[in-house]
Amino acid sequence: IPPVWVMTVLWTLWYLILGGMVGGIMSDRRENGWEAVCRYRGALLFLCMAFLGFLWYPVFFVCARFFVAAIMLLLVLACCGGCAWFYAKASRLVGGVLLVHAIFLLWLLVINVKIAFLN
């Protein structure tokens, strides 16, 4: 398991990058109907992803509820995939960064499941 301070730095860095990119897409003023729908649906999924991601950290490290944390990570991963799909229509860069974030989440899920079954 990685040290808590490494996870804190990685998690904070990821959400700063993702928040900046989502802010860039949301500030786009083009008024194409479908792109606007994609932006707002993506923003809703991003907020769900961020909320569950912030809840995952204390559930995993503080409460040590590894199975619940794994379920939460699956939900975060689903929100990340949906957010990447919607935002890839507005910006391929943001969609690509969200896919890299999904790979990061898969890595966390593997660690989480491994710890859950070892304990």
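# A tour of the predicted model

This is a predicted model. Its mean pLDDT is 84, and 94% of the residues score at least 70. Colour the protein by pLDDT to begin. Among the elements, helix α3, residues 66-88, has the highest mean, at 91. Helix α1, residues 4-26, has the lowest, at 82.

## Stop 1: the aromatic cluster

Select W56, Y57, F60, F61 and F66. These residues form one aromatic cluster. Across the whole structure there are 9 aromatic pairs. Take W56 and F61 as one of them: the two rings pair edge-to-face, with centres 6.1 Å apart and 80 degrees between the planes. Is W56 buried or exposed? W56 is buried, because its relative accessibility is 1% and the limit for buried is under 20%. Its partner F61 has a relative accessible area of 21%, so F61 counts as partly exposed.

Now move to F60 and F66. Their rings also form an edge-to-face pair, 5.2 Å centre to centre, with 70 degrees between the planes. Both F60 and F66 are buried.

## Stop 2: F66

Keep F66 selected. F66 belongs to helix α3. Its relative accessible area is 17%, so F66 falls in the buried class. Show what lies around the side chain. Beyond its neighbours within four places in sequence, F66 is in contact with F60, N112, I115, A116 and N119. Draw a distance from F66 to N119. The two residues are 53 places apart in sequence, and their C-alpha atoms are 9.0 Å apart in space.

## Stop 3: N112

From F66, step across to N112. N112 sits in helix α4, which runs over residues 92-118. How much relative accessible area does N112 have? The value is 0%, so N112 is buried. Which residues does N112 touch, leaving out those up to four places away in sequence? The list is W56, F60, F66, A69, A70 and L73. Three of these names will be familiar from the first stop: W56, F60 and F66 are members of the aromatic cluster.

## Stop 4: A64

Go to the loop between α2 (33-61) and α3, where A64 is placed. Check the backbone here. Most residues other than glycine have a negative phi. A64 is not a glycine, yet its phi is positive, at about 60 degrees. As for cover, A64 has a relative accessible area of 36%, so this residue is partly exposed.

## Stop 5: a surface patch

Turn on the surface and select F67, I71, L74 and L75. Together they make a nonpolar surface patch, with about 410 Å² of accessible area. Pick L74 out of the group. L74 lies in helix α3. Why does L74 count as partly exposed? Its relative accessible area is 45%, and partly exposed covers values between 20% and 50%.

## Stop 6: F86

Stay in helix α3 and select F86. The relative accessible area of F86 is 12%, which means that F86 is buried. Show its contacts next. Leaving out residues up to four places away in sequence, F86 touches C38, R41, G42 and L45. Then add M49 to the view. F86 and M49 are 37 residues apart along the chain, and 14 Å separates their C-alpha atoms.

## Stop 7: H101

Finish in helix α4, at H101. Is H101 buried or exposed? H101 is buried, because its relative accessibility is 0%. Display the surrounding side chains. With residues up to four places away in sequence left out, H101 touches W14, Y15, L18, M49 and C80. Select C80 as the last partner. H101 and C80 are 21 residues apart in sequence, while their C-alpha atoms are 7.7 Å apart in space.

How values were computed: Residues are numbered from 1 along each chain as its sequence is written. Side-chain values use heavy atoms; hydrogens and water are left out. Rings of Phe, Tyr and Trp (its six-membered ring) pair if their centres lie within 6.5 Å; planes under 30 degrees apart count as stacked, over 60 as edge-to-face and the rest as tilted. Buried means under 20% relative accessible area, exposed over 50%, partly exposed in between (1.4 Å probe, protein chains only). pLDDT is the predictor's confidence in each residue, from 0 to 100. Helices (H or I, at least four residues) and strands (E, at least two) are DSSP runs, numbered from the N terminus. Contact means heavy atoms within 4.5 Å. Patches are made of residues with over 30% relative accessible area and no salt bridge: like charges are joined within 9 Å, nonpolar side chains (Val, Leu, Ile, Met, Phe, Trp, Tyr) within 5 Å. Accessible areas come from the Shrake-Rupley method with a 1.4 Å probe; for residues, only the protein chains shown count as cover. A salt bridge is a side-chain nitrogen of Lys or Arg within 4 Å of a carboxyl oxygen of Asp or Glu.
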